[in-house]
Amino acid sequence: MTNDRSIAMTTTPPFGTALIGQTEKTLNAILDRQLAGTGITEPQWVTLTLAAAGGGSVDRAELIRRVSAATKAGEASVAERVAELTAAGLLRDGGDGSIQVSEAGQARWTRIRTALGPITQGLWGDLPAEDLAVAGRVLSTVLERADAVLAAPAPGPRPDVAGLAASIRGRTLLPGDEGFEEATSGFLMTVEHHPAVVVVAADADDVVAAVRFAAQTGRPVAVQSTGHGKSVPADGAVFIATRELRELSVDPRARTARIGAGLRWDEVIVAAAEHGLAPLCGSAAHVGVMGYLTGGGLPLTGRTYGFAADHVRSLDVVTADGLLRSVSPGREPDLFWAVRGGKSNFGVVVAAEIELLPLRTVYGGELSYPGEDPRHAAHVLGSYLAWAKEQPEEMSSSVTLLRFPDAPQLPEEYRGRSLVQVRVVHTGSGEQGARLVEPLRALGPEKDTCGVLPYAEVTEIYQDPKGPVTAHLRSALLRELDDEAVAELVSLIDPSAPGGPFPGVELRHLGGALDRAPGRPHAVSTQGAAFHLWLRMPAPAGRADTARRTADQVLERLRPWDTGAMLPGFLFDPDSAPERVRLAYTEANYRRLAALKATYDPDQIFRVNHNIPPVTGDAAS
């Protein structure tokens with residue numbers, strides 16, 4: 001290895017080309033070795049360093065600006081780095097727009113800084129404040145891996161899990177054990193988990209033991225069933241896999257189902273259909289039940305019946321104190337309210353009892369229109385928007401705009417095509433459904449699958465992918481769309497427009513029962529929006545940044561119609577920053593959630609998620 005002390009740090013200019021050339025190999029070797037055991041990425045290290053150098057407290061906006069200048073990264077990307085360090089407990093939110101380095105963050109920074117030796121001392125230790133950004137730029141330049149996440153667990157010894165393993169019926173897995181990678185993978189592949197230990201729970205008692213173990217060892221808890229909602233890497237966490245909690249029973253008289261946390265909606269749909277009943281599922285049958293319910297759940301029949309969270313009767317949840325609580329409107333109603341919408345911020349839900357609906361069939365399907373001609377696409381989209389405004393609550397619908405590449409792996413009917421796809425689900429009679437859809441048929445679809453179908457087949461309307469995907473997902477809540485919005489949306493699929501193929505944007509019509517106060521109040525609300533926007537950008541290896549930039553551009557173009565709000569069930573990995581999470585709730589609901597977080601999880605054991613920091617006292621009001 002290069003002798004660190006042989007490198008003079010007093011060259012002129014102090015951070016010129018000669019110094020970069022001198023230090024490149026040494027910095028690479030030292031940082032590779034020292035960061036590899038921490039779970040900290042290189043851009044996170046720059047962020048933590050500048051925050052630590054700022055003293056006790058740094059203005060969040062100023063920190064983001066300086067790191068952005070130092071690393072040449074966009075401010076949105078830097079904000080995510082700040083959020084990741086905050087979620088990991090290395091930074092903490094001062095509550096007044098400031099960021100502070102926590103004791104754990106200071107210790108981590110000091111340990112790495114000391115280990116990096118004279119080079120780091122020369123870069124960081126003796127610089128006046130105005131030169132810190134220059135030093136950060138040097139570090140970023142010589143490493144050239146600003147987006148590389150080092151796949152390693154948090155520092156410290158491997159946790160002693162012998163006692164935990166002996167106390168549970170399920171399995172404990174450490175990195176390198178057979179089944180570890182399988183347990184931590186999932187549907188959404190853009191977020192990778194590197195926990196300290198995995199607990200594959202066999203029952204609720206195993207979840208209790210895992211949460212208590214996490215509290216005793218000072219580690220956060222992460223929980224996952226199918227991995228559709230992965231948001232924050234679970235690095236160094238106690239990772240609870242609930243996939244084997246497979247309780248399922250249907251009470252046809254009470255029209256209820258009791259569901260374990262490992263089940264997917266396709267399993268519940270089939271069991272309920274045997275009794276002529278139906279759960280309020282979304283468009284993807286293979287989504288895990290608990291993540292969907294705790295995010296609120298936007299059903300295919302939402303305009304008729306409201307959010308799925310409206311129809312939850314009780315939840316069994318393991319809280320941060322290691323207690324298994326059964327919560328309902330009559331038992332700990334505040335926690336019952338918070339979990340439905342607050343996602344995994346308040347505990348691990350191990351089972352739920354939900355209401356089922358006497359719904360054997362629906363009228364539904366897809367109408368697909370050619371979209372290569374922008375004028376025709378605008379006519380179809382504008383006609384759909386006018387049609388949607390006039391529909392009764394029994395009709396739920398969406399419109400998707402797609403622009404496919406001319407790729408051989410695609411079915412021939414989609415290659416190089418632009419399409420406008422309208423999907424409908426009507427809960428009334430087949431005759432009424434067909435009559436309501438007639439104006440859409442008059443627009444001349446090239447594909448029409450609408451008809452009466454068993455509710456058990458309702459998710460086939462959307463044909464969501466069933467296997468793992470590597471995609472960049474975004475969402476927003478939009479107000480009513482005018483002619484200018486139609487032109488903007490259609491331009492996304494115009495074959496003559498620059499920018500290449502665009503995979504698709506979906507607009508789901510809201511209103512109806514989704515806007516009414518539920519009988520069992522919860523933290524979810526459309527906040528008065530007319531449409532929910534959902535964007536999925538394929539992000540294969542090497543193209544993640546391109547997918548992210550494209551998504552950002554689309555959202556920016558649609559900003560005039562953006563309400564500024566979001567749904568908690570559609571927060572994704574780019575939405576982990578506190579200011580993004582806050583958009584998913586009304587101000588009153590967010591304050592209440594933050595106060596309840598202080599009651600049920602004051603130490604933020606449940607922070608590997610779209611975190612809601614605890615707030616106590618007057619600050620919560």
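Here is a short chat about how this predicted model is put together.

Visitor: Before we dig in, which pLDDT do local features need here?
Guide: Residues are numbered from 1 along each chain as its sequence is written, and side-chain values use heavy atoms, with hydrogens and water left out. This is a predicted model, where totals for chains, interfaces and linings use all residues, side-chain atom pairs count only at pLDDT 80 or more, and local features need pLDDT of at least 70.

Visitor: How many helices and strands does the chain have?
Guide: Both are DSSP runs, numbered from the N terminus: helices are H or I with at least four residues, strands are E with at least two. On that basis the chain comes to 19 helices and 20 strands.

Visitor: What share of the residues is buried?
Guide: Buried means under 20% relative accessible area, exposed means over 50%, and partly exposed is in between (1.4 Å probe, protein chains only). Of the 621 residues in the chain, the buried ones make up 56%.

Visitor: What share of the contacts with a separation of 6 or more comes from residues 24 or more positions apart?
Guide: A contact is heavy atoms within 4.5 Å. Among contacts in the chain with a separation of 6 or more, residues 24 or more positions apart account for 72%.

Visitor: Which helix gives the largest share of the largest nonpolar core?
Guide: A nonpolar core is a set of buried Ala, Val, Leu, Ile, Met, Phe, Trp, Tyr and Cys residues joined through side-chain atoms within 4.5 Å. The largest one has 79 residues, and Val 207, Trp 265, Leu 293 and Ile 354 touch the most other members. Its largest share, seven residues, comes from residues 204-217, helix H9.

Visitor: How many residues are in the other core?
Guide: That core lies apart from the largest one, and its members include Trp 387, Met 395, Ala 476 and Ala 485. Its residue count is 44.

Visitor: Why do the buried residues of H16 sit on the same side?
Guide: In helix H16 (residues 483-491), the buried ones are Ala 485, Val 486, Leu 489 and Val 490. The arc to look at is that of the directions from the helix axis to the C-beta atoms. These residues are on the same side of H16 because they cover an arc of only 130°.

Visitor: And what covers that side of H16, which elements are included?
Guide: The cover over the buried residues of H16 includes one helix and two strands: H14 (374-389), E14 (395-403) and E19 (505-509).

Visitor: Is strand E9 enclosed or open, and which strand joins it by five bridges?
Guide: Four of the five residues of E9 (residues 256-260) are buried, so the strand is largely enclosed by the rest of the structure. Two strands pair if DSSP finds at least two bridges between them. E8 (residues 248-251) runs antiparallel to E9 with four bridges, while the antiparallel partner with five bridges is E12 (residues 348-355).

Visitor: What is the relative accessible area of Arg 255?
Guide: Arg 255 is in the loop between E8 and E9, and takes a positive phi near 55° in that hairpin. Beyond four places in sequence, its contacts include Leu 277, Ile 354 and Pro 358. Arg 255 is partly exposed, with a relative accessible area of 41%.

Visitor: Arg 423 is in strand E15; which side chains does it make polar contacts with?
Guide: Arg 423 is found in E15 (residues 418-426) and is buried, with a relative accessible area of 7%. A polar contact is a pair of N or O atoms within 3.5 Å; within protein, one must be able to donate a hydrogen and the other to accept it, and residues adjacent in sequence count only if both atoms are side-chain atoms. At 3.4 Å, the side chain of Arg 423 has such a contact with Glu 366, and another at 3.4 Å with Thr 400.

Visitor: In strand E5, which residues point the other way from Val 197 and Val 199?
Guide: In a regular strand the side chains alternate between the two faces of the sheet. E5 (residues 197-200) pairs in the antiparallel sense with E4 (residues 171-173) over three bridges, and in the parallel sense with E7 (residues 238-241) over four. All the named valines are buried, and those pointing the other way are Val 198 and Val 200.
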